[in-house]
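Q: Could you teach me how to read a few features of a protein model, one after another?
A: Yes; let us look at the model together and take each feature in turn.

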Amino acid sequence: MIHYHSVNTLAWNNVPVEHLTPLFSRQVIHTGSMTIARLVLKKGAVVPVHSHHNEQVSMVESGRLRFVVDGAEVLVGPGEVIELNPHLPHGVDVLEDAVVMDLFTPPREDWIRGDDAYLRGAGERKI
(Lines give C-alpha, C1' and ligand atoms only; values in the text may rest on other atoms or scores of the structure.)
Protein backbone atom coordinates (compact mmCIF):
# COMPACT_ATOMS: atom_id res chain seq x y z
CA MET A 1 0.00 0.00 0.00
CA ILE A 2 1.28 3.48 -0.91
CA HIS A 3 0.84 6.26 1.62
CA TYR A 4 1.01 9.84 0.41
CA HIS A 5 1.87 12.52 2.92
CA SER A 6 1.00 15.32 0.54
CA VAL A 7 -0.81 15.36 -2.77
CA ASN A 8 -1.02 18.41 -5.03
CA THR A 9 -3.31 18.66 -8.02
CA LEU A 10 -2.67 21.28 -10.68
CA ALA A 11 -4.39 22.11 -13.95
CA TRP A 12 -2.32 23.48 -16.84
CA ASN A 13 -4.98 26.13 -17.49
CA ASN A 14 -4.16 27.55 -14.03
CA VAL A 15 -0.39 27.67 -14.64
CA PRO A 16 0.81 31.06 -15.95
CA VAL A 17 2.06 31.20 -19.53
CA GLU A 18 5.46 32.83 -20.08
CA HIS A 19 5.92 34.26 -23.58
CA LEU A 20 9.68 33.99 -24.00
CA THR A 21 9.67 35.03 -27.67
CA PRO A 22 6.94 35.45 -30.29
CA LEU A 23 7.59 31.80 -31.27
CA PHE A 24 8.15 30.23 -27.84
CA SER A 25 5.95 30.09 -24.75
CA ARG A 26 6.05 27.84 -21.72
CA GLN A 27 4.27 26.88 -18.55
CA VAL A 28 6.38 25.54 -15.70
CA ILE A 29 5.76 23.57 -12.53
CA HIS A 30 8.65 23.07 -10.09
CA THR A 31 8.47 20.30 -7.49
CA GLY A 32 10.99 19.31 -4.86
CA SER A 33 12.79 16.95 -7.22
CA MET A 34 11.88 17.95 -10.78
CA THR A 35 10.76 20.63 -13.20
CA ILE A 36 7.89 19.98 -15.60
CA ALA A 37 7.45 22.32 -18.57
CA ARG A 38 4.76 22.51 -21.23
CA LEU A 39 6.19 24.25 -24.29
CA VAL A 40 4.25 25.71 -27.21
CA LEU A 41 6.63 26.25 -30.10
CA LYS A 42 5.97 27.80 -33.49
CA LYS A 43 7.62 26.67 -36.71
CA GLY A 44 10.96 28.41 -37.13
CA ALA A 45 11.72 28.77 -33.43
CA VAL A 46 15.25 27.85 -32.37
CA VAL A 47 16.61 26.84 -28.98
CA PRO A 48 20.35 27.51 -29.18
CA VAL A 49 22.83 24.77 -28.32
CA HIS A 50 23.28 24.63 -24.55
CA SER A 51 23.86 22.11 -21.78
CA HIS A 52 22.83 21.75 -18.15
CA HIS A 53 23.42 19.42 -15.24
CA ASN A 54 19.82 18.18 -15.40
CA GLU A 55 18.63 14.95 -16.98
CA GLN A 56 15.95 15.89 -19.54
CA VAL A 57 13.13 13.91 -21.11
CA SER A 58 11.21 15.65 -23.91
CA MET A 59 7.88 14.22 -25.09
CA VAL A 60 6.46 15.59 -28.34
CA GLU A 61 2.67 15.74 -28.25
CA SER A 62 2.34 17.39 -31.67
CA GLY A 63 4.60 18.85 -34.32
CA ARG A 64 8.12 17.93 -35.33
CA LEU A 65 11.48 18.98 -33.88
CA ARG A 66 15.08 18.57 -34.98
CA PHE A 67 17.36 18.15 -32.00
CA VAL A 68 21.06 18.67 -32.54
CA VAL A 69 22.62 16.51 -29.83
CA ASP A 70 26.38 16.69 -29.43
CA GLY A 71 26.59 17.54 -33.15
CA ALA A 72 24.22 14.79 -34.39
CA GLU A 73 20.70 15.46 -35.73
CA VAL A 74 17.75 13.60 -34.19
CA LEU A 75 14.21 14.10 -35.57
CA VAL A 76 11.42 13.74 -33.01
CA GLY A 77 7.70 13.79 -33.84
CA PRO A 78 4.27 13.21 -32.32
CA GLY A 79 4.21 10.47 -29.69
CA GLU A 80 8.00 10.26 -29.56
CA VAL A 81 10.31 10.85 -26.60
CA ILE A 82 13.97 11.84 -26.42
CA GLU A 83 16.13 11.37 -23.33
CA LEU A 84 19.09 13.71 -22.81
CA ASN A 85 21.75 12.91 -20.26
CA PRO A 86 23.17 15.64 -18.01
CA HIS A 87 25.81 17.96 -19.53
CA LEU A 88 25.01 16.82 -23.10
CA PRO A 89 25.16 19.77 -25.55
CA HIS A 90 21.86 20.08 -27.43
CA GLY A 91 19.73 22.57 -29.36
CA VAL A 92 16.40 22.44 -31.17
CA ASP A 93 14.98 23.63 -34.49
CA VAL A 94 11.18 23.64 -34.61
CA LEU A 95 10.15 22.19 -37.99
CA GLU A 96 6.37 22.34 -37.38
CA ASP A 97 4.24 24.06 -34.75
CA ALA A 98 4.66 21.84 -31.69
CA VAL A 99 3.52 21.13 -28.15
CA VAL A 100 6.20 19.48 -26.02
CA MET A 101 6.37 18.31 -22.42
CA ASP A 102 9.83 18.53 -20.86
CA LEU A 103 10.78 16.84 -17.60
CA PHE A 104 13.99 17.75 -15.78
CA THR A 105 15.62 16.33 -12.71
CA PRO A 106 16.85 17.85 -10.51
CA PRO A 107 14.72 21.03 -10.81
CA ARG A 108 15.91 23.73 -13.22
CA GLU A 109 17.42 26.13 -10.67
CA ASP A 110 18.48 28.44 -13.53
CA TRP A 111 14.82 28.82 -14.56
CA ILE A 112 13.77 29.36 -10.95
CA ARG A 113 16.39 32.15 -10.67
CA GLY A 114 15.33 33.62 -14.03
CA ASP A 115 18.77 32.86 -15.47
CA ASP A 116 17.44 31.61 -18.82
CA ALA A 117 18.43 34.39 -21.21
CA TYR A 118 19.52 31.79 -23.77
CA LEU A 119 15.81 30.93 -24.17
CA ARG A 120 14.46 34.47 -24.02
CA GLY A 121 16.78 35.41 -26.86
CA ALA A 122 16.01 32.26 -28.82
CA GLY A 123 15.67 33.35 -32.39
CA GLU A 124 14.32 31.90 -35.55
CA ARG A 125 15.90 30.73 -38.75
CA LYS A 126 14.64 29.43 -42.02
CA ILE A 127 14.05 25.69 -41.72
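Q: How many aromatic pairs does the structure hold, and how is such a pair described?
A: A pair of aromatic rings is described by the distance of the centres and the angle of the planes. The structure, a predicted model, holds 1 aromatic pair. Phe104 and Trp111 form this pair, with 5.2 Å from centre to centre and 70 degrees between the planes, and it is edge-to-face (rings of Phe, Tyr and Trp, the last by its six-membered ring, pair if their centres lie within 6.5 Å; planes under 30 degrees apart count as stacked, over 60 as edge-to-face and the rest as tilted).

Q: Are Phe104 and Trp111 buried or exposed?
A: Phe104 counts as buried because its relative accessibility is 2%, and Trp111 counts as buried because its value is 8% (buried means under 20% relative accessible area, exposed over 50%, partly exposed in between, with a 1.4 Å probe and protein chains only).

Q: Which charged ends sit over the rings of Trp111 and Phe104?
A: The charged end of Arg26 sits over the ring of Trp111, 4.2 Å from its centre, while that of Arg108 sits over the ring of Phe104, 4.9 Å from its centre (NZ of Lys or CZ of Arg must be within 6 Å of the ring centre and within 35 degrees of the ring normal).

Q: Which backbone features should I look for, and where are they?
A: Most residues other than glycine have a negative phi, and most peptide bonds are trans. Here the peptide bond from Thr105 to Pro106 is cis, with omega near -5 degrees, and Pro106 is found in the loop between β8 (90-105) and α1 (109-113) (helices, H or I of at least four residues, and strands, E of at least two, are DSSP runs numbered from the N terminus). Asp70, which is not a glycine, has a positive phi of about 50 degrees and lies in the loop between β5 (55-69) and β6 (72-76). His87 has a positive phi near 70 degrees, and its place is in the loop between β7 (81-84) and β8.

Q: Are Asp70 and His87 buried or exposed?
A: Asp70 counts as exposed because its relative accessibility is 57%, and His87 counts as exposed because its value is 56%.

Q: What should I keep in mind about the numbers?
A: Residues are numbered from 1 along each chain as its sequence is written, and side-chain values use heavy atoms, with hydrogens and water left out. As the model is predicted, local features need pLDDT of at least 70 and side-chain atom pairs count only at pLDDT 80 or more, whereas totals for chains, interfaces and linings use all residues.
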